[in-house]
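This briefing summarises the strand arrangement and the aromatic contacts of one protein model. Please consult the sequence and the structure shown here alongside the notes that follow.

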Amino acid sequence: MAPPAVRSWGELQHDLLVAIMSRVGAPDLLSGGAPRTCSAWWAAARDPLAWRRVDLRDWTARTSARRAAGSGATRGSISVQDALTGDLEVAATRADGRMEAVLLPEFADEGHLMFLAERSPNLHYFSFPTTCVTSDDFCEVISKLQSLKGMAVDESLVNYEVLLHVHQCCPDFLELKVFALYVDEDMASVICESLPRLKKLEIPNSDMSCAAIVKFLDCLEELEYLDISGYETSAISSSVLHKASRLKAFIWNSKFELGEFMDCSNCGEHNINPQEPCKCTMDNKVMDWLAGPSQTA
């Protein structure tokens with residue numbers, strides 16, 4: 001039997017190569033890597049469709065430095081902030097107006113976000129985890145992104161002024177992710193009253209009150225997807241599950257279920273340190289000691 005014919009990777013269809021490049025990741029595309037393999041891969045890496053979603057969460061200055069070294073340039077005197085701006089410029093140029101989503105690293109600032117708003121006004125989604133931005137600067141950016149459908153932001157930007165501005169400027173806004181340490185009923189009220197048409201809400205790894213969860217389920221009538229995974233309080237009751245049954249997706253696995261905390265099924269208390277059990281457990285241990293050794297049959 002004749003061996004199967006060997007085909008070159010470069011003979012793959014262009015559309016398939018573009019799909020592959022879109023999954024390689026922006027940092028790798030920016031630093032060279034795969035695009036240097038052959039002319040077909042080079043062309044696919046520069047196709048605007050490969051840059052519709054730009055994930056820069058793992059971006060480091062090394063990414064930019066490697067790209068600069070490959071082009072014969074030097075970046076020793078350029079700051080990290082300027083280097084990131086330079087790579088955003090490259091990404092925006094290659095996307096040619098088709099960029100739909102950008103996930104920025106934690107150190108990105110309002111200048112980077114404003115650059116994206118000016119270069120990609122049709123952006124649908126961005127992730128901006130920084131805590132160092134004023135409400136006024138953020139609202140100025142939002143004014144330029146009227147096609148925005150969703151965003152991921154720090155809890156410092158979750159206030160009436162900002163979210164109402166988002167609601168007024170972005171008629172198709174339906175998705176919100178919040179990076180928060182603690183979510184109480186007041187914060188939940190701000191989100192519900194400012195963005196009543198939310199369909200998707202993500203607040204993972206947060207200390208969240210039961211009242212806040214109930215507020216989301218009761219007030220966001222169009223909500224379809226709620227992710228509070230990794231929450232640090234045991235707030236999921238049968239009532240909450242009943243209210244959430246209308247959703248298409250409810251992700252609520254807590255750190256209790258993941259084994260990080262111990263939960264007392266009797267009193268509902270929890271503790272981070274298993275070496276320091278709740279009062280209920282201590283009382284039970286004292287009573288067991290007073291009762292003496294257990295009798296075996």
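F138 counts as buried because its relative accessibility is 1%. The model that yields this value is predicted. F126, at 0% relative accessibility, counts as buried as well. Ring pairs link F126 and F138, together with F128, into a cluster. The points below start from these rings and then turn to the sheet.

**Aromatic pairs and a charge over a ring**

- A search of the whole structure finds 4 aromatic pairs.
- In the pair F126 and F138, the ring centres are 6.1 Å apart and the planes stand at 70°, so the geometry is edge-to-face.
- Because F126 belongs to strand β3 (residues 125-128) and F138 to helix α7 (residues 135-142), this pair ties together parts that are 12 residues apart in sequence.
- F250 and W252 form a stacked aromatic pair, with 6.4 Å from centre to centre and 25° between the planes.
- The two members of that pair fall on either side of the 20% limit for burial: F250 counts as buried because its relative accessibility is 18%, whereas W252, at 28%, counts as partly exposed.
- The ring of Y225 has the charged end of K200 sitting over it, 4.7 Å from the ring centre.

**The sheet as a whole**

- An open sheet is formed by 8 strands in the order β1-β2-β3-β4-β5-β7-β9-β10, and their pairing is parallel.
- Its edge strands, each pairing on one side only, are β1 (53-55) and β10 (249-251).
- Neighbouring strands of the sheet are turned by 5° against each other on average, with direction ignored.

**Strand β3 and its neighbours**

- From β3, Y125 and S127 point one way while F126 and F128 point the other way, and all are buried.
- Strand β2 (residues 101-103) pairs with β3 in the parallel sense over 3 bridges, and L103 stands opposite S127 in β3.
- A right-handed β-α-β unit is made by β2, helix α6 (residues 110-119) and β3.
- The pairing of β3 with β4 is also parallel, over 4 bridges; here Y125 stands opposite G150 in β4.
- Helix α7, which carries F138, joins β3 and β4 in a right-handed β-α-β unit.

**Strand β5 and its neighbours**

- The side chains of β5 (residues 175-179) alternate along the strand: L176 and V178 point to one face and are buried, while E175, K177 and F179 point to the other and are not.
- Strand β4 (residues 150-154) and β5 pair in the parallel sense over 5 bridges, with M151 opposite L176 in β5.
- Between these strands the chain passes from β4 through helix α8 (residues 160-169) to β5, in a right-handed β-α-β crossover.
- Strand β7 (residues 200-202) runs parallel to β5 and is joined to β5 by 3 bridges; K177 stands opposite E202 in β7.

**Strands β9 and β10**

- Strand β9 (residues 225-227) and β10 run parallel and are joined by 3 bridges.
- Within this pairing, D227 has I251 in β10 as its bridge partner.
- β10 is one of the edge strands of the sheet.

Key. Residues are numbered from 1 along each chain as its sequence is written. This is a predicted model: local features need pLDDT of at least 70, side-chain atom pairs count only at pLDDT 80 or more; totals for chains, interfaces and linings use all residues. Side-chain values use heavy atoms; hydrogens and water are left out. Buried means under 20% relative accessible area, exposed over 50%, partly exposed in between (1.4 Å probe, protein chains only). Helices (H or I, at least four residues) and strands (E, at least two) are DSSP runs, numbered from the N terminus. Two strands pair if DSSP finds at least two bridges between them. A crossover is right-handed if, with the strands pointing away from the viewer, the path from the first strand over the helix to the second runs clockwise. Rings of Phe, Tyr and Trp (its six-membered ring) pair if their centres lie within 6.5 Å; planes under 30 degrees apart count as stacked, over 60 as edge-to-face and the rest as tilted. A charge sits over a ring if NZ of Lys or CZ of Arg is within 6 Å of the ring centre and within 35 degrees of the ring normal. Axes are lines fitted to C-alpha atoms, for helices over the stretch in contact, and angles run from 0 to 180 degrees between N-to-C directions.
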